[in-house]
Amino acid sequence: MNLLSGTAVTGVIVTARGPLYVLRDAAVLREDGTAVPADGEIVVDKGNVDYIQAVTP
């Protein structure tokens with residue numbers, strides 16, 4: 001998931017509740033490509049999302 005701020009987040013969208021996405025097993029990607037794991041869940045406002053790349057198994 002890429003945000004309008006330029007931040008990229010990886011994870012599994014487990015809920016899309018109203019204006020929010022809830023991600024689990026999430027990490028924030030740094031500019032050098034390293035991932036910083038998040039404790040718990042990340043909640044993202046849909047209005048802040050630039051695009052989502054979906055990967056299917």
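Begin by selecting Asp25, which is found in strand β3, and keep in mind throughout the tour that the model on your screen is a predicted one. The phi angle of Asp25 is near 50 degrees, a positive value in a residue other than glycine. Is Asp25 buried or exposed? Asp25 counts as exposed because its relative accessible area is 70%, and the cut-off for that word is over 50%.

**Along β3 to its partner β2**

Now extend the selection to the whole of β3, residues 20-29, and add β2, residues 8-17. These two strands run antiparallel, and 8 bridges join them. To see individual pairs, pick Arg17, which stands opposite Leu20 in β3, and then Val9, whose bridge partner in β3 is Val28. Where the chain passes from one strand to the other, β2 and β3 form a hairpin with 2 residues between them, and if you click on Gly18 in that turn you will find a positive phi of about 55 degrees.

**From β3 to β4**

Next, select β4, which covers residues 35-37 and includes Pro37. How many bridges pair β3 with β4? The two strands pair in the antiparallel sense over 3 bridges, and one place to look is Ala27, whose bridge partner in β4 is Pro37. Although Ala27 and Pro37 are 10 residues apart in sequence, their C-alpha atoms are 4.1 Å apart in space. Pro37 is classed as exposed because its relative accessible area, 64%, lies over the 50% cut-off. The hairpin of β3 and β4 has 5 residues between the strands, and Gly33 takes a positive phi near 95 degrees there.

**From β3 to β5**

Keep β3 in view and add β5, residues 42-45. β3 and β5 also pair in the antiparallel sense, here over 4 bridges, and Leu23 has Ile42 as its bridge partner in β5. Which residues of β5 lie on its covered face, and which on its uncovered one? Ile42 and Val44 make up the covered face, while Val43 and Asp45 make up the uncovered one.

**A lysine over a ring, and an asparagine in a loop**

Show the side chains of Lys46 and Tyr21, and turn the view until you look across the ring: Lys46 lies over the face of Tyr21, at 5.2 Å from the ring centre. As for rings paired with other rings, a search of the whole structure finds 0 aromatic pairs.

Then move to Asn48, whose place is in the loop between β5 and β6, the latter being residues 49-51. Asn48 is described as partly exposed because its relative accessible area is 43%, which falls between the cut-offs of 20% and 50%. If you draw a distance from its C-alpha atom to that of Asn2, which is 46 residues away along the chain, the separation is 8.8 Å.

**The largest pocket**

For the last stop, look for the largest pocket, in which about 250 Å³ of space lies. It is lined by 14 residues, and to find its centre you can select the closest ones, Met1, Gly11, Ile52, Gln53 and Ala54. Which strand gives the largest share of this lining? That share, 5 residues, comes from β2, and β2 and β3 each supply at least two residues. If you colour the lining by class, you should find 10 nonpolar residues, 4 polar ones and no charged ones.

Key: Residues are numbered from 1 along each chain as its sequence is written. This is a predicted model: local features need pLDDT of at least 70, side-chain atom pairs count only at pLDDT 80 or more; totals for chains, interfaces and linings use all residues. Side-chain values use heavy atoms; hydrogens and water are left out. On a 1 Å grid over the protein atoms alone, a cavity is a set of points where a 1.4 Å probe fits but cannot get out, and a pocket is an open set with protein on both sides within 12 Å along at least five of seven lines; lining residues have an atom within 4 Å of a point. Grid points are joined across faces, edges and corners, and a volume is the space filled by probe spheres set on the points. Ala, Val, Leu, Ile, Met, Phe, Trp, Tyr, Cys and Pro count as nonpolar, Asp, Glu, Lys and Arg as charged, and the others, Gly among them, as polar. Two strands pair if DSSP finds at least two bridges between them. Rings of Phe, Tyr and Trp (its six-membered ring) pair if their centres lie within 6.5 Å; planes under 30 degrees apart count as stacked, over 60 as edge-to-face and the rest as tilted. A charge sits over a ring if NZ of Lys or CZ of Arg is within 6 Å of the ring centre and within 35 degrees of the ring normal. Buried means under 20% relative accessible area, exposed over 50%, partly exposed in between (1.4 Å probe, protein chains only).
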